[in-house]
Amino acid sequence: MTAKLTRRTFVSASAAVLAGLGLAACGGNGSGTNNAAQGNDVTGTEPASGSPATTDLTKLPLPEKGKVYTNPKSRDEIKDGGTLNLSASEIGPDFNQYNINGNTTYMKYFWQLYMPLFPFKQSADGGTFTPDPNFIDSIETTEESGKEVCTIKIADKATFNDGTPIDWRAYESVWKSCSGQNADYTPAMTDGYQQIESVKAGATDKECVITFSTPYYPVESIISFLHPDAAADAETFNNGFNNNPHNEWGAGPFAVDTFDQTQITFKRNPKWWGDEAKLESIVYKQMDSQAMYNAFKNGEIDATEPGATGSSEMLSNFAGMDSAEIRRANSISIANIEINSTRDSMKDINVRKAFAQCLDVPTILSIVYQGVNWSEERIGSLLCCQWQDGYENNLPDDITANSDAESEIAAAKKTLEDAGYEMGSDGYYAKDGQQVAFSFTTFGDSNVTKNRAAAIQKMCKDAGMNLTIDNHPGSEFSKTLTSGNWDTVLFAWSAGSASYNNGGQIYGSESSSNFTHLGNAELDAKFAAVCGIADHAEQMKAVNEAEKEALKSYGFIPVFCGADVVVAKKGLANFGPCLLETPSPENYGWEK
């Protein structure tokens, strides 16, 4: 499967949610880019509840730009009670979403149930933020003495489960742990927080006054709350959440009931002051791809894990199920290959460049979407999806200029030969007695994962590079990624609010989320300047200019976005792929 990360968060491979990107591992759930729609035209409009699972996969309607597919229903249309059974590739062990080791999309799913992670509701396209009245009464941004000052009035009723008021200190703790001022803390990202000069109480403790040393836009994208005790010291922040979700520090419609590495159960939170959750409980069970497919068919879970790209391998499992719906939206995750430049085999930029050049993305996409109606242009950014305003393909010209597999292989060979590498009798290039050889790390057990890795191995062999495949269980994604014990790895970055501001997280030379260990101070400054630009069009212009430079390091290879697919039981309401829209878990449930 494809692992994902958030705030950017990484997806199975890893993710960070905060205000921006997250990580995720890329695997059999599906991930890909441009493979194809098999020549099919768009076949009608996808209903908001999704298409019947019995639909011919070559004729699945393509999602509409900016639309969500969650089977939206009002609370009056939803039953009271019931359980929602779901799956996740990982459960823990680090339950701190703000920490580099806990910044996964899976932890984002959990935190949105029981932690005050999203005090502002974001629209699906990411363009607007609305205060959640459960947490925020008002927000005002002014300029004082030439500095941006944000004043937030926090709802009186907002309280952590242990009785501690959610007040200005609950934001100070976020800033304290994520600003980068204390190197002992290991946050997933510092973007936005490092621009803050001070966080203080206003007229009351429920008024939070944030003063910026340099402007940050949009401010709402970096506002969330963390119990002051969670950031009291670096040891607690870095390690205090290991195998401990800290229910007492939560504040949401659900609370953790029980958990271990195989399952976590959430129950209604009796201390929640907002609308009571429609569901009595939500259960996540740890599963790899094939186990998840079987569990859905057998009725053990009610929906597949969000973030799947929807390959034929996945969707064909449900072809005969009249009771299931395929809900497909455009993805907010970008699958990419990152190269660890600290490894001996990948220190030479010419080897990294040749690897990037030899990859035939249409072939990779075709493996993911063989037999499924899908089409997309080649992705050329890790900060913006093709469907978002301001997107540009920022890949270097010596990658985009090669239009087919033959020219890609030829370009890769020329890069190596120009750098002094010579082809050996074994079919692989070498220099100074050192063969061009490196590993490719994957996660999960799906055929898509295996076939995609084999295809990439063949591309490298054709270009004279010896690539070996290093496979791990999906449950080892975060541990493996953050260990740095790999040469190249495929995972996805999952977008959050204002991900275009998170260039510093992914590409920053000092960022703990830059797994390539590339970058420089000049580029850091360019990405840092982006969030201080008030005009969004000018922001995107600056983002694209900086990312074009970053991608010239050939350490980051955007591969595809694909679809975001959830297969759900009919009648499941307000759950499914929703782009950047902030979910309301208290409204998940079953139609009456």
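Here are some questions and answers about this predicted model.

User: How many helices and strands does the chain have?
Analyst: Let's start by sorting the chain into its elements. Both kinds turn up here, and the tally is 14 helices and 26 strands.

User: What radius of gyration does the chain have, and what would a compact globule have?
Analyst: The chain has 592 residues, and a compact globule with that many would come out near 25 Å. The chain's own value agrees with that, so the answer is 23 Å against a figure near 25 Å.

User: What box do the C-alpha atoms fill?
Analyst: Picture a box drawn along the principal axes of the chain. Its sides are roughly 75 × 60 × 40 Å.

User: How much of the chain is buried?
Analyst: A residue counts as buried when its relative accessible area is under 20%. Apply that to the 592 residues of the chain, and the buried share is 61%.

User: What area does the chain expose, and what part of it do carbon and sulfur atoms supply?
Analyst: The exposed area of the chain is about 20400 Å². Of that, the part from carbon and sulfur atoms is 46%.

User: Among contacts between residues at least 6 apart in sequence, what share joins residues at least 24 apart?
Analyst: Here we leave out contacts between residues less than 6 apart in the chain. Of what remains, the share that joins residues at least 24 apart is 71%.

User: How far apart are the mean positions of the positive and negative charges?
Analyst: The chain carries 46 positive and 77 negative charges. Take the mean position of each group, and the two points are apart by 4 Å.

User: Which strands stand at the edges of the open sheet S4-S15-S24?
Analyst: This sheet has 3 strands with antiparallel pairing, in the order S4-S15-S24. An edge strand has a single partner strand, so one of its sides is left without a neighbour in the sheet. That description fits S4 (51-52) and S24 (563-569).

User: Which residue in S24 stands opposite Ala324?
Analyst: Strand S15 covers residues 324-330, and 7 bridges join S15 to S24 in the antiparallel sense. Across from Ala324, in S24, you'll find Lys569.

User: Is Ala492 buried or exposed?
Analyst: Ala492 sits in strand S22, residues 488-494. The cut-off for buried is under 20%. With a relative accessibility of 1%, Ala492 counts as buried.

User: How far apart in space are Ala492 and Ile332?
Analyst: In sequence, 160 residues separate Ala492 from Ile332. In space, going C-alpha to C-alpha, the distance is 9.7 Å.

User: Which residue takes a positive phi in the hairpin of S8 and S9?
Analyst: S8 (residues 136-144) and S9 (residues 147-154) pair antiparallel over 8 bridges, and Ser138 of S8 stands opposite Lys153 in S9. The hairpin has 2 residues between the strands. With phi near 55 degrees, the residue you're after is Ser145.

User: How many of the residues of helix H2 are buried?
Analyst: Helix H2 runs over residues 168-178 and is largely enclosed by the rest of the structure. Its buried residues include Trp168, Tyr171 and Trp175. Out of the 11 residues of H2, the buried number is 8.

User: Which residue follows H2, and what is its phi?
Analyst: Step past the helix and you reach Gly180. The phi of Gly180 is positive, near 85 degrees.

User: Which residues do the cis peptide bonds at Pro93 and Pro218 join them to?
Analyst: Pro93 lies in the loop between S5 and H1, and its cis bond has an omega of about 5 degrees. Pro218 lies in the loop between S11 and H3, and the omega of its cis bond is about -10 degrees. The partner of Pro93 is Gly92, and the partner of Pro218 is Tyr217.

User: Are Asn71 and Asp432 buried or exposed?
Analyst: Asn71 has a positive phi near 55 degrees and lies in the loop between S4 and S5. Asp432 has a positive phi of about 55 degrees too, and its loop runs between S18 and S19. At 5% relative accessibility Asn71 counts as buried, while at 77% Asp432 counts as exposed.

User: Which residue in S19 stands opposite Lys431?
Analyst: S18 and S19 pair antiparallel over 2 bridges, and they belong to an open sheet with the order S17-S18-S19. The residue opposite Lys431 is Gln434.

How values were computed: Residues numbered from 1 in each chain as written. Predicted model: local features only at pLDDT ≥ 70, side-chain atom pairs only at ≥ 80, totals over all residues. Heavy atoms only, no water. Helix = DSSP H or I, 4+ residues; strand = E, 2+ residues; numbered from the N terminus. Rg over C-alpha atoms; globule rule 2.2 N^0.38 Å. Buried < 20%, exposed > 50% of the residue type's maximum accessible area, 1.4 Å probe, protein only. Contact = heavy atoms within 4.5 Å. Areas by Shrake-Rupley, 256 points an atom, 1.4 Å probe, with all protein chains shown as cover. Lys, Arg positive; Asp, Glu negative; His and termini not counted. Charge placed at Lys NZ, Arg CZ, Asp CG, Glu CD. Pairing = 2+ DSSP bridges.
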